[in-house]
Structure formats: structure tokens, C-alpha cells
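Got the viewer open? Let's take a walk through this one together, a selection at a time.

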Amino acid sequence: MDHAPVWRILIFSASLSTIFSAFLGTAVAQQFTNPEPYEPDTPGASHASTDLRIAGPNPDGWLYPITQLDTLLPHWIQFGGQFRNRAEGQAGLGYASVDDGYDLTQLRLGMYIQPTNWVKLVIVTQDARAFFNHHVGNVPPYQNIWDIREAYAQIGSSTEGWIDVLGGREMLSFGDELVIGPSDWRNQGRTFDTARVDLHPTGVKISIFAASGDGVIDHHLEGNNLYGIYTGFSRIIRHASVEPYLLWRVAPAGVHLSEDAGLGHFSEVTGGARIAGTLANNIDYDIEMNKQTGSLAHYTIDAWAGHWNAGYTFTNVRGQPRVFAEYNYASGNKHPDSDTWGTHDQIYPSSHDKMSFADQFSWKNIEELRLGVDEKVAAKWTLTQAFEDVWLATKNDAVFGDSGAIAVAADPQATSRHIGTELDLIAEYKQNTHVVYGFGFAHLFTGQFLNEATHGKDYNYPFAYCNLYFLRKEDLWLTLRITIQRSVDEKLSV
């Protein structure tokens, strides 16, 4: 059996982590004020920001002048906005001596119209652009200039009653977004043309939907449809969410997807479940598995995948570090010449930081072990260090990139399944609810398979970003009432 020199990577990772932590800790030592404990992912909750509005004060008002419109508009009209800038580089594109560095900007503006608590209209525009790039294209997901990101109507309340109905273009985000999510780290992201019914009696949430999408916002790919039911139960297991789901993905012959490899008619059923929760306040866990069947042209689909994650938070230690271990598996085609199609379909995940932070792999033909630690090194600083060891589930199938397309074709002459090992170092500074900064570095050491099937160049991914939420989520009627009350108080005092 072929093995990676794991001990070398672990020593290297520990050394870099120590240096990085010491540097960052020195830089912010004076502002350390007994930070709140690190909070792991909320079980059963979405990771995507599906609303551009945010709560919180507007300090001094100088940075958010548009919010002054709040006092002039009817209470049932609200606005939200976000600007994100991220500079990033890719050294070793295609595991060859090809490098690129560029700047990504993303501007989103949203309008929320809600004349009653059971009717809401949402319209969000987006402008995504790439600058200074040489090898990555001015195309999605890097660039898509001024499009409609969301435009939908909702009848019924998502927080009151037990049913609401939505229709139009919107983001879909379920569970840990391993199967369906907006992939928001990408400069463009993903939305769907959707018809959806949500049922939410106490302790239960059921979403029934029909959607079309292929990651291109301007128009969905005709015939590429996804039908599903995603459920969540919060009272079956204590302090946990149980989330069974059933999905049917279908596309006719002639609609070329990375999942059907241009072979013909595609009809795939995915049945799965996720269980996520906490134990004894210190331990959190997240388990998700699914099984796929159906047909692809003359092939019979038989694939499966699993995700197992557990973390422990040291609540009595400075920084509240949370250590975690994760294992991911997704099947591949063991016998490409047979009539069975064994490559797992990742469907529409939020691909960033799922298999690795460098985003070089997808939940297809993969076996991965991931270890790491999250910690609050200061009141506003969060530091993450992670190590991944990545293998092919079978070397008879390809290496798939984060989009799901083939990144490196299967190599019949390969002597190893080992893809490589990766080291990630990420830091984030949350200035307030409106401004967040982050930077980091991911390095992939190519393993024996990539050394044999490609030029074997290590891959580097440095990045730095700033997110600015420049419009607030507030009850505008409350804002107007406070303004009027202050005016009255001033006059009475005179």
C-alpha cells in the first residue's frame, strides 16, 4: 500500500501554525479581552447569507449614508447591500508552471418589499468582475456583469404559521450545503429558477421544490431540472437536527453536463440524510450520507458518498480552541467498461472549503482525511489551521475539480491513488457587523498520482478579502418612530 510522508507534513504544519499564531497573537495582544467561546456550525442551520440586510447599530453614520433613506421611506420597503473585494492568486494551475493573480469584486444591492407579514417581494442585482487576470477567464464564475441574482415572491411567513410558498429566482441552501447551496465564495455564486413550498409546524421543516439551474445566473439550462424534498426534525434527537432528503435530477440527451459526460439522457435519484448536533456542550458532530441510483444513457447509476465530522471545544482554555477531525468519501467508477456508473454526483454544493480550502476537489471519487483547529486568538480575530490528506477512491476514475468537471483524467499507468496533502492557514478579523477582513494561504503538496499523471507542480492559493455590508436590516417603521419621538422631545424641551 502506498503511503504519504504524513509525519513530514504534520511537523511542517505545526511549525508554520506556531509561527503564524505567534505573529498574529503579538499583533493583537493589546486588544485581547476574554473573547466569547468559539461557536461551531449551528446544527441544521444554513451557512449561506440569504439576506443582505443585517442587524446592528450604524456607528457615526459616516460609512452608511444610504441608510438615512430609512426615515424617508414607507416602513414596508427595506434595502440591503454588500460589497466584497478579494485578491487571490493561483500558482500551479493544472499542476503545471502556470500562475495567475487577480482581483475579484462583487457588488450586490437588494430591495425587500413587504406590505404585510404574509407577502414579500425580493429583488437583488449583482455585479461580479475580475481584474488583472491572465489565465482565468472573464466568464462565470469569475465575472458576470450586472445580472438579476434574485427575483422572487413569497406568500406566507417563514417564521409564523406553518406554510409559505415561493416562486422565482432564488438561492437554495440546505443543511451543510454539501448537496445544495449557493457556493457563495465564488465571485458569481449560484441561484435557481424555483417553485417551492415550505411547511414548518413546530419542530419540523419540510421544503418541497422544483428548480432549474446550472450555475449561470442569467438563464438556467433548459431541461436541467432538480426536484426534491428536504426535511428537518429538531425533536427526534436531543440537541440535534435530523434531515432526510430525496432528490431527483433529470436532463435529456443533448444537455451536456459534467455529471453525464455527454453520454445521453440522465435520470438520477439521490436519497440521503444528515444528522448534526452537540453533546455535553463541548462536542459537536455532523454526519451526512447519501445513495444514488437511476440511469445515464445505457448505464445503471450505483454511487454513494459520506461525510463524518466531529469537533471538541476547550471551553476553559484561552481562545476557546476547537479541534476537529473529518473524513469524506465519494465513490468513483471502479470498472469504467462495465454498464454500472459509479461516480458520485455532488449535485449543487457550496463547494468552497468542503473537501479542502484550496478548492481543487469535489465530492466525487475521493477519500479524504481532514484535521484542524479553530480558535479565537483575540476578541475579533478567528484563526483556522487545517491539514488534509487526499486520495482517489479508485484510480480507474478521474480527479474532479470543485465544479464537478474532470480536472485530471484517469491514468491507467498510475501506481498510486494518493493525490496529495494540503496545509491551510486562515485568519479573519470582524471589525463589526458591517466590516469583515480575512486572509490566508493554502498549499497543496502533490502526491504520487498527480506526479505521475501531471507535471506534478505544487499548488498555492493565497488570498485576502474585505466584506462590507453597507445597508442595515432594521424595522424602518421603528426607525421612523424613533426619529419622530426625538423630534417631539426636542421641541418639548425647548
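Begin with S2 and S3, a hairpin that has two residues between its strands. This is a predicted model, by the way. To see the hairpin, select residues 99–116 for S2 and residues 119–131 for S3. The two run antiparallel, and twelve bridges join them. For a single pairing to zoom in on, pick Thr116 and look across to S3, where Val119 stands opposite.

Keep S2 highlighted and add strand S1, residues 77–91. S1 and S2 pair as well, again in the antiparallel sense, over 15 bridges. Which residue of S2 is the bridge partner of Gly81? Click on Leu109 and you have found it.

Next, peek inside. How many cavities of 30 Å³ or more does a search of the whole structure find? There are five. Our stop is the second largest cavity, with a volume of about 50 Å³. Ten residues line it, and to centre your view you can select the ones closest to its centre: Leu52, Val124, Arg149, Glu150 and Met171. You'll meet S2 again here, since S2 and strand S4 (144–155) are the elements that give two or more residues to this lining.

Now out to the surface. Select Ile208, Tyr227, Ile229, Leu246, Trp248 and Val269 together. These residues form a nonpolar patch, and their accessible area adds up to about 490 Å². Colour strand S8 (225–233) and strand S9 (240–251) too, as these are the elements that give two or more residues to the patch.

Stay on the patch for a moment and pick out Ile229, which sits in strand S8. Is Ile229 buried, partly exposed or exposed? Its relative accessible area is 32%, so Ile229 falls in the range between 20% and 50% and counts as partly exposed.

For the last stop, jump along the chain to Thr433. You'll find Thr433 in the loop between strand S19 (418–430) and strand S20 (435–446). Thr433 has a relative accessibility of 35%, which lies between the 20% and 50% cut-offs, so this residue is partly exposed too. Finally, select Tyr469 along with Thr433: the two are 36 residues apart along the chain, and their C-alpha atoms are separated by 7.7 Å. Draw a distance line between those two atoms to finish the tour.

Methods:
Residues numbered from 1 in each chain as written. Predicted model: local features only at pLDDT ≥ 70, side-chain atom pairs only at ≥ 80, totals over all residues. Heavy atoms only, no water. Patch = residues over 30% accessible without salt bridge, like charges linked within 9 Å, V, L, I, M, F, W, Y side chains within 5 Å. Areas by Shrake-Rupley, 256 points an atom, 1.4 Å probe, with all protein chains shown as cover. Salt bridge = Lys/Arg side-chain N within 4 Å of Asp/Glu carboxyl O. Helix = DSSP H or I, 4+ residues; strand = E, 2+ residues; numbered from the N terminus. Buried < 20%, exposed > 50% of the residue type's maximum accessible area, 1.4 Å probe, protein only. Pairing = 2+ DSSP bridges. 1 Å grid on protein atoms, 1.4 Å probe; cavity = no way out; pocket = protein on both sides within 12 Å on 5 of 7 lines; lining within 4 Å. Points joined across faces, edges and corners; volume = space filled by probe spheres on them.
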